[in-house]
Structure formats: structure tokens, C-alpha cells
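Me: I should be grateful for a close look at one part of this structure, namely its aromatic pairs and the residues around them. Please give the account as one connected description.

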Amino acid sequence: ERVRGSALAKSLSVPVLARTWQLLLKGLGETQTAPSPLAAAEMLIVRLAYAAELPSPAELVASLKDGNGAAVSAPRGDSRPGSAPARGGAPGTGGGGVAQARRMPDPEPADVPAPTAQAALPDPKTFEEVVALFAAKREGILHGLLLNSVHLVRFEPGRIEINAPETPRDFAPRLMACLERWTGRRWVVALTSSEAGAPTLAAQAAAHIAHQKAQAAQHPLVAAVLAAFPGATIEAVRGKDKGTQEADLAFDAGEPGETTDPEDM
């Protein structure tokens, strides 16, 4: 270490040592506070290696005072086009000063890809699409009220007339605010009590399921199963793959979790 220290003392000047000391002190603080200390230490070494080829402030001042136009060399490893120093000072500097980088011709503009179109805003065309939009946006309370407490009187895009006596006072303003924010257009939600309106969507869905079960019960195979298992009920009616008209029926024979398919009998 003494031998290496003596060699460094002979080759390094005080300005270089002062600059290195400042870089090390700054890098120490960055290393202690950085999310990745190892990466911060590696970046410090990169800065030290780059600064080793830079002229000291005294050399820069001397070059400015020197009228012979001597140029200060750029750091090694900087091989970018246009980084080579040019002789002579810039106009208006009296012929001296730090050499200016040679001006390269402006590159031809590259083909810039066209900006991608913004995602289209939702535009519900039916009341059912409006209700589905509230479900997609995770507005659970408003979606539940739309399903179970709203009787649709009249609908057109941008205007909804409903009969909803069992909803909160701010129900209509909240609907309008959400729809305007999501669709980017103004919506009007009018409450009326003069017209009863259609059944709620939940009531319509329940009626549809009951109709499906009634139709399924008329199937000869289903009727035979219901007769063979007293107390059995039709729990669900599910459509099969495309091209098949028969229904896939699930039956509850009284034991939890046990179902019977007519094709498996």
C-alpha cells in the first residue's frame, strides 16, 4: 500500500484528488440511501472512471485565458458522432476558449408510428347494457338497486325514465354522474310515479327461469324422473353445446350436492 500510495501521489494532482474526494463523499450518501446499494456503488465507480479524463477547473480557466485556441480533449470512450473537438473558439469569444463540437447534419426524421387510438368509451344502447356497465365498473350498490328496485318506464340513449320508490334520494344524481363519467356524454335520469313501469330485471329473470323449469318439466324423460323420485325438483336448466336442442337438466333428489342427469340414468 505504501508503494502504491507513493506512485499515486506522484501522478495525481491536488485538484484531481479533491474532485475524487467530493465524488466519493457524495457517492457514500447515495449508497447508504439508495434502494439498491450495490447498484449505487457501481454507478459511483462509473462516474469516477468518466471524471478521470475530464480537465480540472484550473485547466479550463487556463485554456480560456490562452489565446492560441488550444482545445481540451474529450473523455476517452466517447465515440458518439459529433463529439470530436474542433479547433478555434466560437464566434464572439475572441478566438479562444473551449473547442466546440463539430456540427453534424441534422438526421432525417424517422418514421414516427401513429399514436394508438384511445379505447372507445362505452355507449349503452339498452337499459340492460346500462345495468351491465354498473356491474363491470364494480358499483355494487347501484347495480343491486338497478336490478331489484327499478321499474323501467322509458329508455333511450341519454335519457332513462324509471319508477323507483324504494331507492335513496341521491339515486338518480349518482346514476347520472357515473354514466356521464364513463360514457363521456350527458345523461338524464327521471323519476316518475305516474307510471308503474316494467317489472324489475330481477323479477323478469326469476320469471324466465320459472318458465324454463315449467317447459323442462313437460319433457317425457324429466316427467319420468320426477315420478320415480318423489320430492325431486328441477334446480337449473342449462343449454348444451351448439347444434343440440335438448336441455341439460340438474335434479335435486333431496340429498345435498347430489344431482342427476337424464342421460346418465
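Reply: The description below begins with the chain as a whole and then turns to the aromatic pairs and their surroundings.

The model is predicted. Its chain contains nine helices and six strands, and of its 265 residues 22% are buried. Among contacts with a separation of 6 or more, 46% are between residues 24 or more positions apart. The chain exposes about 18900 Å², of which carbon and sulfur atoms supply 58%.

A search of the whole structure yields two aromatic pairs. One of them is formed by Phe 134 and Trp 182, whose ring centres are 4.9 Å apart. Their planes make an angle of 70°, and the pair is edge-to-face because that angle is over 60 degrees. Phe 134 belongs to helix H5 (residues 127-136) and Trp 182 to helix H7 (residues 171-183), so that the pair links parts of the chain 48 residues apart. Phe 134 counts as buried because its relative accessibility, 0%, is under 20%. Trp 182 is likewise buried, with a relative accessible area of 9%.

The other pair consists of Phe 155 and Trp 187, with 6.3 Å from centre to centre. Here the planes are 40° apart, and the arrangement is described as tilted. Phe 155 lies in strand S1 (residues 151-156), whereas Trp 187 lies in the loop between H7 and strand S3 (188-191); the two are 32 residues apart. Trp 187 is buried, at 2% relative accessibility. Over the face of Trp 187 lies Arg 185, at 5.5 Å from the ring centre.

Leu 133 adds a further link between H5 and the Trp 182 region. This leucine is placed in helix H5 and is buried, with a relative accessible area of 9%. Between Leu 133 and Trp 182 the separation is 49 residues in sequence, yet 8.9 Å in space from C-alpha to C-alpha. With neighbours within four places in sequence left aside, Leu 133 is in contact with Pro 122, Pro 124, Leu 179, Trp 182 and Thr 183.

In the loop between H5 and helix H6 (140-148) is Arg 138. Arg 138 has a positive phi of about 60°, although it is not a glycine. Arg 138 counts as exposed because its relative accessibility of 76% is over 50%.

Strand S1, which carries Phe 155, is joined by five bridges to strand S2 (residues 159-163), and the two strands run antiparallel. Within this pairing, Leu 152 has Ile 162 in S2 as its bridge partner. S1 and S2 form a hairpin with two residues between them, and Gly 158 in the turn has a positive phi of about 100°.

Beyond the hairpin, Thr 167 occupies the loop between S2 and H7. Thr 167 is buried, with a relative accessible area of 14%. A polar atom of the Thr 167 side chain lies 2.8 Å from the backbone oxygen of Ala 164. When neighbours within four places in sequence are set aside, Thr 167 is in contact with Leu 145 and Ser 149.

To return to the aromatic pairs, Phe 134 and Trp 182 link H5 with H7, while Phe 155 and Trp 187 link S1 with the loop between H7 and S3.

Terms used
Residues numbered from 1 in each chain as written. Predicted model: local features only at pLDDT ≥ 70, side-chain atom pairs only at ≥ 80, totals over all residues. Heavy atoms only, no water. Phe/Tyr/Trp six-rings, centres within 6.5 Å; stacked < 30°, edge-to-face > 60°. Helix = DSSP H or I, 4+ residues; strand = E, 2+ residues; numbered from the N terminus. Buried < 20%, exposed > 50% of the residue type's maximum accessible area, 1.4 Å probe, protein only. Lys NZ or Arg CZ within 6 Å of the ring centre and 35° of its normal. Pairing = 2+ DSSP bridges. Polar contact = N/O pair within 3.5 Å; in protein donor to acceptor, adjacent residues only side chain to side chain. Contact = heavy atoms within 4.5 Å. Areas by Shrake-Rupley, 256 points an atom, 1.4 Å probe, with all protein chains shown as cover.
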